[in-house]
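Here is a short briefing on a protein model. Look through the sequence and the 3D view before reading on.

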There are 2 protein chains.
Amino acid sequence: MDAKPPTAAILLIGNEILSGKVDDENARYLVRELRTLGVTVGRIEVVPDDQLDIADTVRALSERFDLVFTSGGIGPTHDDVTLPAIATAFNRAIVRRPELERLMREAFGDRLHPRDLRMADVPEGARLERGAATAATTWPVVVVENVWILPGVPAIFRRKFEAIREHFRTRPIHARIVYSRADESPIADALDAIVAAWPTVEVGSYPDADAPDYKVKITLDGRDRDAVEAATAALVDRLGAVVVRTA
Amino acid sequence: MDAKPPTAAILLIGNEILSGKVDDENARYLVRELRTLGVTVGRIEVVPDDQLDIADTVRALSERFDLVFTSGGIGPTHDDVTLPAIATAFNRAIVRRPELERLMREAFGDRLHPRDLRMADVPEGARLERGAATAATTWPVVVVENVWILPGVPAIFRRKFEAIREHFRTRPIHARIVYSRADESPIADALDAIVAAWPTVEVGSYPDADAPDYKVKITLDGRDRDAVEAATAALVDRLGAVVVRTA
């Protein structure tokens, strides 16, 4: 009704996903969380640990989407190049943040290794975000422009996102489902009619050969609850006996 | 050795992955298959069912990588826009291919719905590839320039890729693993030295807080088996008692 709801992109950084050594868990988690919060994810990209590739991709995504979330590449080893890449993307220097160095010295004491301090080196002018419920002694999420920089380790990725998630809550997406006992082709004209009549409703059509009692799952999503309900009712009416059930 | 091994990009097309309604299975499968075949995957992108977005992305990936594999968007409904998008990407018309129409009429007979024939409408000049072991009556994979167009349904995606996989076999990647009982920071200097001494070996460092007997898994990959073995031996020597085991 008022402002356009925010869009987001997710950027996974790491050779390990591209080589199949590790399965992504973070994008899977984040698309569901963002959808619950009402944010539309418009793109996911997976790129290698290559500083220039990351920088180019971050710059492009940052211009095109309201929010960008990165995952991975912020540890202390040679393949952790996300922070310098994001500095490059926005033409900023990398500076050691005293607040981060202090947190690290307090947490590790004598066990602090000099290499750990690389994690306190962040793009100049970065914001440090924790979320309201998190103690000031907790390691923050580093944010540059509209890019939220999250770690790759899934348990920590989730913990960090949970702390900041209320930043992103917006008008929710209302969703309905219609299950069809007919294949896609015989119902395609009916779907076209619904798509044409309700432009604010996103209609998806997903055949499932393994489903016990239906052939196609039709999803109807939108911010305007009344439009989604009206489109669903019109589709059910049009499909008639082909409808197995709705949800 | 001789020519540079081929690089590949994977493009998943579909709102359902971006909204978290469906988990990707195809990129997971394909990165492992391509790695086994010796092909390096340099990028994965997930985009919505948007014809212009798909066209722009296909064009960019096609220029940058030797091979592009797309997944999804080739069925008969309104949200299946991959074939027209790829036609747009390469400035080609969409034409009905008599060979594909005939295959469809033979397979479906009276049950053929007019909408099904949209699947016989492909970019002008597309190649139809089946792989040597596949009967000429099998539905082929449509290929435009270096873009291999695969379906989104995982079981069919796999079957189609299995038929064509020998097209892509190249010099294999040799891989070793070293498990470290020390954290990343104390071993980071040793990793830097190995990375500097063996530029053809890709070194990855992956902390795992849940592993029973190690803290970091270090991977060493490359086309040159001798270099990978020498780098692994040098790393084991340098890390000494920190090494739990190798694989």
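How many salt bridges does a search of the whole structure find over all chains? The search finds 44. Keep in mind that this is a predicted model. The points below start with chain A as a whole, then move to the sheet, the symmetry and some single residues.

**Chain A in outline**

- Chain A holds eight helices and twelve strands.
- Its C-alpha atoms fill a box of roughly 70 × 40 × 30 Å, taken along the principal axes.
- Chain A has 247 residues, and 54% of them are buried.
- Take the contacts in chain A between residues at least 6 apart in sequence: 70% of these join residues at least 24 apart.
- Chain A is divided into two parts, domain 1 (7-168) and domain 2 (174-246).
- The C-alpha centres of domain 1 and domain 2 of chain A lie 38 Å apart.

**How the two chains are related**

- A turn of 180° and a shift of 0.0 Å along the axis lay chain A on chain B, with an RMSD of 0.0 Å.
- That is the relation of a two-fold axis.
- Which C-alpha of chain A is nearest the axis? That of E45(A) is, at 2.2 Å from the axis.
- Both copies use the same surface: 100% of the contact residues of chain A recur in chain B.

**The shared sheet**

- Strands from both chains build an open sheet of twelve strands, with mixed pairing.
- The order is β6(A)-β7(A)-β8(A)-β3(A)-β1(A)-β2(A)-β2(B)-β1(B)-β3(B)-β8(B)-β7(B)-β6(B).
- Follow that order and you find β2(A) next to β2(B).
- The edge strands are β6 (127-129) of chain A and β6 of chain B, and each pairs on one side only.
- From one strand to the next, the twist averages 20°.
- Strands of a sheet pair through backbone hydrogen bonds, either parallel or antiparallel.
- In chain A, strand β1 (residues 7-13) and strand β3 (residues 67-71) run parallel, joined by five bridges.
- L12(A) stands opposite S71(A), which is in β3(A).

**A helix on the sheet**

- Helix α4 (residues 82-89) of chain A packs on the sheet.
- This helix touches β1, β3, β7 (141-144) and β8 (147-150) of chain A.
- The direction of α4(A) makes about 170° with that of β8(A).
- Is α4(A) mostly covered or mostly uncovered? The helix is mostly covered, with six of its eight residues buried.
- The buried residues in α4(A) are T82(A), L83(A), A85(A), I86(A), A87(A) and A89(A).
- Just after α4(A), N91(A) takes a positive phi of about 55°.

**Salt bridges, pair by pair**

- The side chains of D56(A) and R59(A) meet in a salt bridge, 3.3 Å from N to O.
- D56(A) and R59(A) are separated by about one helical turn, because they are three residues apart in helix α3 (residues 51-64) of chain A.
- An α-helix has 3.6 residues a turn, so residues three or four places apart point the same way.
- D56(A) is partly exposed, with 44% relative accessibility.
- R59(A) is also partly exposed, with 31% relative accessibility.
- R130(B) forms a salt bridge with E99(B), and the closest N and O atoms are 3.3 Å apart.
- R130(B) lies in the loop between β6 (127-129) and β7 (141-144) of chain B, and E99(B) in helix α5 (residues 98-108), so the pair ties together parts that are 31 residues apart in sequence.
- R130(B) is buried at 14% relative accessibility, whereas E99(B) is partly exposed at 31%.
- R43(B) forms a salt bridge with E45(B), with 3.1 Å between the closest N and O atoms.
- R43(B) and E45(B) are both buried.

**A network across the chains**

- Salt bridges link R43(A), E45(A), D53(A), R64(A), R43(B), E45(B), D53(B) and R64(B) in a network.

**A residue to find: L61(B)**

- L61(B) has its place in helix α3 (residues 51-64) of chain B.
- L61(B) counts as buried because its relative accessibility is 4%, and buried means under 20%.
- Beyond its neighbours within four places in sequence, L61(B) is in contact with A9(B), L11(B), R43(B), E45(B) and V68(B).
- L61(B) and I164(B) are 103 residues apart in sequence and 20 Å apart in space, C-alpha to C-alpha.

Terms used:
Residues numbered from 1 in each chain as written. Chains lettered and ligands numbered in written order. Predicted model: local features only at pLDDT ≥ 70, side-chain atom pairs only at ≥ 80, totals over all residues. Heavy atoms only, no water. Salt bridge = Lys/Arg side-chain N within 4 Å of Asp/Glu carboxyl O. Helix = DSSP H or I, 4+ residues; strand = E, 2+ residues; numbered from the N terminus. Buried < 20%, exposed > 50% of the residue type's maximum accessible area, 1.4 Å probe, protein only. Least-squares fit on C-alpha atoms with pLDDT ≥ 70 in both. Contact = heavy atoms within 4.5 Å. Pairing = 2+ DSSP bridges. Axes fitted to C-alpha atoms, helices over the stretch in contact; angles between N-to-C directions. Domains from an automatic or database assignment.
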